[in-house]
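Q: Please take a close look at one part of this model and describe what the backbone and side chains are doing there. Then follow the description outward to other places that deserve the same attention.

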Amino acid sequence: MAKKKSKVGFRWLEYVLTRSAFGFLQKMPLSLAYRLGRGIGWLSFKLLKGRRKVVRRNLETIHAWAERHGGLSMPDLETHIREVFLCNGANFFSGFALSGMLTGRIERHIEVVGAEALQSAIADGKGAILVLAHMGPWEALAHLPELFARNGIHTSWASMYRPFNDDRFDDWYRTVREKCGTRMLSRKDGFHKPVDFIRSNGVLGVLSDQKMRQGEIVPFFGVEVPTSPITGLFYRRTGAPIFSLCFKTIGPKQWRITFERVDCSGLSEKPTRSELALLCNEALERVLSNSVPDGFWFHRRFN
């Protein structure tokens, strides 16, 4: 009984500390968050040898893929590895600072490209599916509904996420993310709720770059990896257009979000799960190769 109480007490303390840290980071000035993030990224690059090896192996795969695709220039490997640490540190801390900003201030730091194509798809009434990667200061993506509304694009937004094991964390996280208008959906909501959301002309974001233990085995940067079929299954059920989203650093405290429609014309009449998974991986390849350091390469993605 004492052990159980101790565990409950630890979880409560963890919850309080996490909320406090989150609130502190949200109130941090963006300039400080950006500099602090790059500084911690540099320190991590120097000290975390094991993580540096993981990043190296991932980037070796990407560099080999780029060599096979002519015209894709990459910096030297050592410079690239270092920049992954610096860029991810800046993005991590900046993401919290950006998420705590008013939308009007965020527009000074984030420009949006390709919104017209997404607006056109929404006008067709079929909704849209966004292929997302862990890229850039992604905590700021919660502001997308407000950013689009300020530009005259009004629609419902939702994002798939992995729920926390602790209900307190989960309830709090959903509340934080949904306050800007993005509805959060998870596997607890089943398959039909996201499908119904898209069919109601909503835009559903799906993080599609996670490493999977099981899934469709298709190439990703030239390596056969298990890939989640969920994005393709949503497409097959709804027929909604698929868009990719690239979140790229373009300067100190400056980022660009680019929407690009994924060409589905090459799919067969009744595409298989593997076809659809490959289509999504190819979209992710284009997005991540556009700015490799903005991607999250700290886990073993290819083995």
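A: In this predicted model, Gly-239 sits just after helix 10 and takes a positive phi of about 70°. The helix that comes before Gly-239 covers residues 230-238, and its buried residues are Thr-231, Gly-232, Leu-233, Phe-234, Tyr-235 and Thr-238. These buried residues pack against several elements: strand 2, strand 3 (157-160), helix 9 (192-199), strand 5 (203-207), strand 8 (242-251) and helix 11 (273-290).

Positive phi values also turn up at residues that are not glycine. Most residues other than glycine have a negative phi, and it is against this background that two further positions can be read. Asn-201, which is not a glycine, has a positive phi of about 75°, and it is found in the loop between helix 9 and strand 5. Helix 9 and strand 5 are both among the elements against which the buried residues of helix 10 pack. Phe-221, likewise not a glycine, has a positive phi of about 50° and lies in the loop between strand 6 (216-220) and strand 7 (223-227). The relative accessibility of Phe-221 is 1%, and because buried means under 20%, Phe-221 counts as buried.

Strand 2 is another element that meets the buried residues of helix 10, and the loop that runs from strand 2 (128-132) to helix 7 (144-150) takes part in one of the salt bridges. Arg-177 forms a salt bridge with Glu-139, the closest N and O atoms being 3.8 Å apart. This pair links distant parts of the chain, since Arg-177 belongs to helix 8 (residues 167-178) while Glu-139 is in the loop between strand 2 and helix 7, 38 residues apart. Both Arg-177 and Glu-139 are buried. A second pair involves Asp-166 and Arg-168, whose side chains meet in a salt bridge at 3.6 Å, N to O. Here Asp-166 is buried, with a relative accessible area of 15%, whereas Arg-168 is partly exposed at 30%. With a cut-off of 4 Å between nitrogen and carboxyl oxygen, the count comes to seven salt bridges. Side chains of opposite charge can pair when their charged atoms come close.

Another of these bridges leads to a contact between two helices. Arg-56 forms a salt bridge with Glu-78, and the closest N and O atoms are 2.6 Å apart. That pair, too, links distant parts of the chain, with Arg-56 in helix 3 and Glu-78 in helix 4, 22 residues apart. Arg-56 counts as partly exposed at 27% relative accessibility, and Glu-78 is partly exposed as well, with a relative accessible area of 41%.

Helix 3 (residues 49-68) and helix 4 (residues 77-99) pack at an angle of about 120°, and their axes are 10 Å apart. Angles of 65 to 115 degrees count as roughly perpendicular and those over 145 as roughly antiparallel, so helix 3 and helix 4 are oblique to each other. Helix 3 passes helix 4 in a right-handed crossing. On the helix 3 side, Arg-51, Arg-52, Val-55, Arg-56, Leu-59, Glu-60 and His-63 take part, and they meet Leu-77, Glu-78, His-80, Ile-81, Val-84 and Phe-85 of helix 4. By class, the residues of this contact divide into six nonpolar, two polar and five charged.

One participant in helix 4, His-80, counts as buried at 4% relative accessibility. Leaving aside residues up to four places away in sequence, His-80 touches Leu-59, His-63, Met-74, Pro-75, Val-292 and Pro-293. His-80 and His-63 are 17 residues apart in sequence and 9.9 Å apart in space, taken from C-alpha to C-alpha.

Helix 4 also packs with helix 2 (residues 30-47), at an angle of about 145° and with axes 7 Å apart, and this crossing is right-handed. The helix 2 residues in the contact include Tyr-34, Gly-37, Gly-41, Trp-42 and Phe-45, and those of helix 4 include Ile-81, Phe-85, Gly-89, Ala-90 and Phe-93. The contact of helix 2 with helix 4 has 15 nonpolar, five polar and three charged residues. Ile-81 and Phe-85 of helix 4 are also listed in the contact with helix 3.

Definitions and conventions:
Residues numbered from 1 in each chain as written. Predicted model: local features only at pLDDT ≥ 70, side-chain atom pairs only at ≥ 80, totals over all residues. Heavy atoms only, no water. Axes fitted to C-alpha atoms, helices over the stretch in contact; angles between N-to-C directions. Helix = DSSP H or I, 4+ residues; strand = E, 2+ residues; numbered from the N terminus. Parallel < 35°, antiparallel > 145°, perpendicular 65-115°, else oblique. Left-handed = near helix turned anticlockwise from the far one by under 90°. Contact = heavy atoms within 4.5 Å. Nonpolar A, V, L, I, M, F, W, Y, C, P; charged D, E, K, R; others polar. Buried < 20%, exposed > 50% of the residue type's maximum accessible area, 1.4 Å probe, protein only.
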